[in-house]
Each structure stands twice: as structure tokens, then as C-alpha cells.
Amino acid sequence: MRRTHLRRSALVAIPVAAAGLLLSAAPAQAAAPLPFTAVADRATTTPGGSFTLTLTLSNPYDTPIQFVYQSVQPTYPTTQENGLKFAATGCGTQTNGCSENVHGGIARYNVPLAPGASSSFTVTYTVAPDSKCGAGTRIDLYSYLYYEYNTGLANNSGIVNLPGTQVPCA
């Protein structure tokens, strides 16, 4: 009989303890949105043509942004387009340079970036004249952005889809 009493107590205590733990847990905080915008100058680019992405980072903090790492890469569906040929052919305005290979390379913004200031980075892509084209053919890109501020004590990062371009046949 004593075991039955202990089992009943345990059956009541376990759910009560679990509910208490769940109710006392602090809600997860959402990451701050990235202070970043991206604009493509053309919605369509025929083979032999080019399009330019302008990537802008703004500093919404009261301390300078001191370090920025940003990569620009084609999306998986873009890499799977057989015959689609394009390359970064121009790089940078308002930056202290960029990698030779922007796909997976680094967009190096001028830092430190003062509170309230913005810095833009441009990348021009050229579609090869013999590239695949068609109504469903697209070049889509994404970016991984990481930056540090507050003397390196704070940071923010995330993946951002960038505007792409459709590659119709001429």
C-alpha cells in the first residue's frame, strides 16, 4: 500500500514540476534584424549583358561597427542550372576592396562605420554570351553577413537572400 501512495504522489509531482519548469523558462529573444539592404539594377539580363547588385550596410548603434565579413554566393538552384555562365566582373564602391573571387569572397566595407552612417558595396555580374537562357533561367544569390560593434563585445549575423535576375533569351 505504501508503494501505491508513492506512485500517486510521483504521478502528481512530475507533471507539476514539468509545468513549473516550462512556465519559468524565459522566452527566446529574436535576433536583431540586420541593418542591410540589397538592390539589383536589372530584373532581367540577357546573355552577354550584366547586372549590378548594390549592398548597403547601415549602423543603427551608438558605437561604431568595427568589423564586417560578407560573402556573396549563388543559391543552390542557381548552381544546378546546367549551362548557366556568369561571373563577377566589377567590384566595389565605397569599400577598401574585395576578394578576387566574390563568390564566397569578402565584401570589405570601410570600417569603422560611425553610428548612423551607411556604406555601400557593389558587385557587377556579367552573363556569358553563350550562357543558358530561357523563361525559367535565373541567377539568384545569397549573402552571409557578420559584423561586430561595441568594441567587439556585440555582434550580429545572418543569411540574406539577394535580388537576382532572370536570364531570358534575346
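Exposed means over 50% relative accessible area, buried means under 20%, and partly exposed lies in between (1.4 Å probe, protein chains only). The model shown is predicted: local features need pLDDT of at least 70 and side-chain atom pairs count only at pLDDT 80 or more, whereas totals for chains, interfaces and linings use all residues. Residues are numbered from 1 along each chain as its sequence is written, and side-chain values use heavy atoms, leaving out hydrogens and water.

**View 1. The whole chain, with its 2 helices and 9 strands.** Let's get our bearings before zooming in. Helices (H or I, at least four residues) and strands (E, at least two) are DSSP runs, numbered from the N terminus. Following the sequence, you will meet them in the pattern α-β-β-β-α-β-β-β-β-β-β. The chain has 170 residues, and 34% of them count as buried. Take the contacts (heavy atoms within 4.5 Å) between residues at least 6 apart in sequence: 74% of them join residues at least 24 apart.

**View 2. An open sheet of 3 strands.** The strand order is β3-β8-β9, and the pairing is antiparallel; two strands pair if DSSP finds at least two bridges between them. β3 (65-74) and β9 (154-166) stand at the edges with a single partner strand each, so one side of each has no neighbour in the sheet. From one strand to the next, the twist averages 15 degrees, taken between axes that are lines fitted to C-alpha atoms (for helices over the stretch in contact), with angles from 0 to 180 degrees between N-to-C directions. Look at β3 and β8 together and you will find 9 bridges in the antiparallel sense. As an example, Gln-70 has Leu-145 in β8 as its bridge partner.

**View 3. The largest nonpolar core, with 26 residues.** A nonpolar core is a set of buried Ala, Val, Leu, Ile, Met, Phe, Trp, Tyr and Cys residues joined through side-chain atoms within 4.5 Å. Leu-55, Ile-65, Tyr-125, Ile-139, Leu-141 and Leu-162 have the most contacts inside this core. At least two core residues come from each of β2 (50-58), β3, β7, β8 and β9. Which strand gives the most to this core? That is β8, with 5 residues. As background, nonpolar side chains tend to be buried together in soluble globular proteins.

**View 4. Two positive phi values in the loop between β8 and β9.** If you like to scan backbone torsions, pause here. Asn-150 lies in the loop between β8 and β9 and has a positive phi of about 55 degrees although it is not a glycine. Thr-151, found in the loop between β8 and β9 as well, is another residue other than glycine with a positive phi, near 55 degrees. How exposed is Thr-151? Its relative accessible area is 65%, so Thr-151 counts as exposed. Asn-150 is partly exposed, with a relative accessible area of 32%.

**View 5. Ala-128 and Ser-131 in the loop between β7 and β8.** Ala-128 sits in the loop between β7 (118-127) and β8 (138-149). Ala-128 is counted as buried because its relative accessibility is 19%. Leaving aside residues up to four places away in sequence, Ala-128 touches Pro-47, Gly-48, Lys-85 and Phe-86. Ala-128 and Ser-50 are 78 residues apart in sequence, with 8.9 Å between their C-alpha atoms. Ser-131, in the loop between β7 and β8, is buried, with a relative accessible area of 8%. Where does the side chain of Ser-131 reach? It reaches the backbone nitrogen of Lys-85 at 2.9 Å. This is a polar contact, a pair of N or O atoms within 3.5 Å; within protein, one must be able to donate a hydrogen and the other to accept it, and residues adjacent in sequence count only if both atoms are side-chain atoms. With residues up to four places away again not counted, Ser-131 touches Pro-47, Gly-83, Leu-84 and Lys-85.

**View 6. The 1 disulfide of the structure.** Cys-133 and Cys-169 are joined by a disulfide (a pair of cysteine sulfur atoms within 2.5 Å), with an S to S distance of 2.0 Å. The torsion about this S-S bond is about 95 degrees, so the disulfide is right-handed. The pair links distant parts of the chain, 36 residues apart: Cys-133 is in the loop between β7 and β8, and Cys-169 is in the segment after β9. Are these cysteines buried or exposed? Cys-133 is partly exposed at 25% relative accessibility, and Cys-169 is partly exposed at 44%.
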